[in-house]
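Ready for a couple of exercises on how a protein packs its inside? Grab the structure and work along.

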Amino acid sequence: MSPSADLARALRPRLPSPLREVRDEGFARRGVRLFLKRDDLIHPDLPGNKWRKLALNLEAAAGRTVLTFGGAYSNHLRATAAAGRLLGFGTVGVVRGDELAHRPLNPSLARCAADGMRLHFVDRTTYRAKASPEVLAGLLSRFGDVEVIPEGGSNALAAQGCTALGRELAGEVDVAAVACGTGGTLAGLAAGLDPGQRALGVPVVGGGFLAGEVARLQREAFGGPAGDWALEERFTFGGYARTTPDLDAFADGFEDRHGLPVERVYVAKLLFSLTALADEGAFAPGTRVAAVITGAPDASLQESSVSR
């Protein structure tokens with residue numbers, strides 16, 4: 001499935017996103033070619049996988065208010081709020097952490113509010129149960145006729161939308177790698193690739209749940225497994241939005257070598273993992289590896305990163 005021409009005209013995404021080869025010594029000494037798939041350039045307000053995951057969901061909403069979920073620094077909440085402003089529909093953001101309701105809004109949530117999103121703060125126990133019938137019924141009772149999109153935008157429609165990413169890479173590379181938070185992008189990317197290509201997901205949060213989530217999303221979106229995909233789960237660096245001096249030094253070095261600002265929550269972990277895998281000999285000489293750049297650095301997100 002592809003977004004309608006009307007939605008594309010309204011938001012004017014830059015598609016296909018550019019694919020650029022960069023020479024990096026960590027890959028070159030192993031005979032591996034590195035490409036950057038610049039999904040961060042698709043749209044200034046809905047960059048990267050946000051456009052791909054939201055487009056079909058927005059069409060399904062058909063102008064109704066969209067209710068979705070996220071943490072205090074959620075890229076997904078900001079993209080949904082921006083889409084509401086650009087397309088003229090209402091948005092509700094259910095935010096993890098009721099303690100935040102009595103504090104000044106951080107820059108990320110302030111941007112959501114400025115774009116017209118109604119913020120609803122819930123305690124962390126309720127947030128963990130956000131997909132339960134009881135919690136959803138309470139939200140629907142409070143906010144009325146809304147289109148519910150899950151955390152991170154990952155559902156069957158999101159996975160279907162992300163197949164376009166795989167199709168854009170068809171025949172261009174051997175391995176397409178993406179950082180993963182909720183699994184929707186990887187589920188669609190793998191489904192869109194050609195036979196013989198494989199997708200690699202790099203989780204940015206631990207817990208070992210993503211394999212099951214990707215499999216579930218593929219069942220719901222495509223009726224069963226789709227494409228060749230795997231997860232590399234060694235590079236969470238302590239969890240979501242966490243970093244270490246080694247990761248920061250690596251990201252700084254990559255920026256200096258290639259002039260590409262590296263987003264630290266997702267993209268830095270992706271690039272670090274691929275460099276480590278190349279050094280371990282995980283890719284045969286001549287392998288073409290694409291790193292999907294799903295977002296650019298955001299000052300408010302950078303401030304939220306925690307070193308350990």
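**Exercise 1.** Find the residues with the most contacts inside the largest nonpolar core, then trace which elements feed it.

*Solution.* Start with the core itself: the largest one has 34 residues, and Leu36, Phe254, Leu271, Leu274 and Phe283 have the most contacts inside it. (A nonpolar core is a set of buried Ala, Val, Leu, Ile, Met, Phe, Trp, Tyr and Cys residues joined through side-chain atoms within 4.5 Å; buried means under 20% relative accessible area, with a 1.4 Å probe and protein chains only.)

Next, the elements: two or more residues each come from strands S2 (33–37), S7 (175–180), S8 (198–203) and S11 (288–292), and from helices H11 (245–258) and H12 (267–280). (Helices, H or I with at least four residues, and strands, E with at least two, are DSSP runs numbered from the N terminus.) H12 gives the largest share, eight residues.

Now zoom in on Leu274: leaving out residues up to four places away in sequence, Leu274 touches Phe27, Ala177, Leu200, Phe283, Val289 and Ala291. (Contact means heavy atoms within 4.5 Å.)

A word on the source: this is a predicted model, where local features need pLDDT of at least 70 and side-chain atom pairs count only at pLDDT 80 or more, while totals for chains, interfaces and linings use all residues. Residues are numbered from 1 along each chain as its sequence is written, and side-chain values use heavy atoms, without hydrogens and water.

**Exercise 2.** Work out the strand order of the open sheet.

*Solution.* Walk across its six strands: S1-S2-S11-S7-S8-S9, with mixed pairing. (Two strands pair if DSSP finds at least two bridges between them.) At the edges, S1 (19–22) and S9 (229–231) each pair on one side only. Finally, S7 and S8 run parallel over six bridges.

How values were computed:
Buried means under 20% relative accessible area, exposed over 50%, partly exposed in between (1.4 Å probe, protein chains only).
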